[in-house]
Amino acid sequence: MRRVVITGIGIWSCLGKNIHEVGASLRQGRSGIGIDPERIEYGYQSPLTGIVERPQLRGLIDRRMRAGMSEEAEYAFMASREAFAMAGIDEAYLDANEVGVIFGNDSSSKAVVESAKVMEQTHDSSMIGSGNIFQSMNSTVNMNMSTAFHLRGVNFSISSACSSGSHSIGIGYLLIKHGLQDMVLCGGAQEVNKYSMSSFDALGTFSKRIDEPQRASRPFDRDRDGLIPSGGAAALVIEDYDHAIARGAKIIAEVAGYGFSSNGGGISQASDDGSFIAMSRALADAGVSPSDVDYINAHATSTPQGDMYEARAIARLFAGTKALVSSTKSMTGHECWMAGASEIVYSTIMMQNGFVAPNINFDNPDEYSAALNIARTTVETPIDIVLSNSFGFGGTNSALVIRKI
């Protein structure tokens, strides 16, 4: 089996618009959460969200291409552009070599809602913009990335709720490991417009701590009252180790293990058993034990049930070990379809710079989180092995192990 390494990373999130900005936010424990006035007017119970700046693509890609790009595809373009640049991949390389693309994305609401509005008002489908079809499909991200960067390898989307970004890396890892691709652009993307999360808001799963937005996301804290939605995009260039060495690439980290499971229970029910199995498989695939892990980037979204089940699973697997635990969602909110990819990017930044970002707003543990070694403040420490968890609706679980080289 071939080894799979990361040679480029890119990010566009509420913590910053590039690796440098995001790294500074992580080290400082800076929250990117605020209030969206449009959500108040639109009728949300909670207007809290990650505040993500829209990129300016004029001058970077042509007008026709922009017309078919959804909001999340715009974020993904910027993240992918940064990842390719870090990996030393230019247009000449992409023209001469086969590179695949797999992105996690599980909705594209804005174009669907706007198309429906046009039909209701005009009863004339010719009034719908020609780009809406390419914006409205779940595959909007990978189809746009394939077109924008002239990618000719594997090309599809992973739609598996909040594990989508993590599974995209896992599947890319397997394709390279088994010799089916040499290089794959992987990642996850999430829209943040007012249409994107109204159905989630209807479930009452969002925090109502509107008076203090940056303290609203409280993973593992006893007083957590719900998650905060967020978004953006994260991208990674992953490739065969020998291929990277042959082209003189700088290797950032190794994707060492991938584990997965399904809970097989209620559609929105978390499971400590499912989480435990995914984590155990990832560690076994990487050939490491719980005692080898330096840092766990928890899925913990700040919901009462989800955090409890994950804390139980982590405590069960890592009891008595050194692993520090934090949920970067305390700063970002829940980046949904991109979260599994962005949290690998966040963890890679920490690994490269020797620190663990804090689980901010963790004031009081509950009976389950009290058993974990949660980093309340930034911890300056070497990180060699990271486990990153992603769990989603429908019982889909994914875990990844990355290792420093």
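Eight aromatic pairs are found in this structure, which is a predicted model. In one of them, the rings of Y42 and Y44 have centres 6.4 Å apart and planes at 40°, so this pair counts as tilted. Its two members differ in their surroundings, since Y42 is partly exposed at a relative accessible area of 39%, whereas Y44 is buried at 8%.

Another pair is formed by F77 and F149, whose ring centres lie 5.3 Å apart with planes at 20°, so the rings are stacked. This contact joins distant parts of the chain, because F77 belongs to helix 4 and F149 to helix 8 (residues 140-149), with the two positions 72 residues apart in numbering. F77 counts as buried with a relative accessibility of 4%, and F149 is likewise buried, at 11%.

Helix 4, which carries F77, covers residues 71-87 and spans 25 Å from its first C-alpha to its last, close to the 24 Å expected for its 17 residues. Of those 17 residues, 14 are buried, and the helix is thus mostly covered. G88 follows helix 4 and has a positive phi, near 75°.

Elsewhere, F200, F206, W337 and F393 are linked into a cluster by ring pairs. Rings also receive charged side chains, as the table shows for two arginines.

| Charged residue | Ring below its charged end | Distance to ring centre |
|---|---|---|
| R247 | Y93 | 5.8 Å |
| R316 | F276 | 3.8 Å |

Technical notes: Residues are numbered from 1 along each chain as its sequence is written. This is a predicted model: local features need pLDDT of at least 70, side-chain atom pairs count only at pLDDT 80 or more; totals for chains, interfaces and linings use all residues. Side-chain values use heavy atoms; hydrogens and water are left out. Helices (H or I, at least four residues) and strands (E, at least two) are DSSP runs, numbered from the N terminus. The expected span of a helix is 1.5 Å times one less than its number of residues. Buried means under 20% relative accessible area, exposed over 50%, partly exposed in between (1.4 Å probe, protein chains only). Rings of Phe, Tyr and Trp (its six-membered ring) pair if their centres lie within 6.5 Å; planes under 30 degrees apart count as stacked, over 60 as edge-to-face and the rest as tilted. A charge sits over a ring if NZ of Lys or CZ of Arg is within 6 Å of the ring centre and within 35 degrees of the ring normal.
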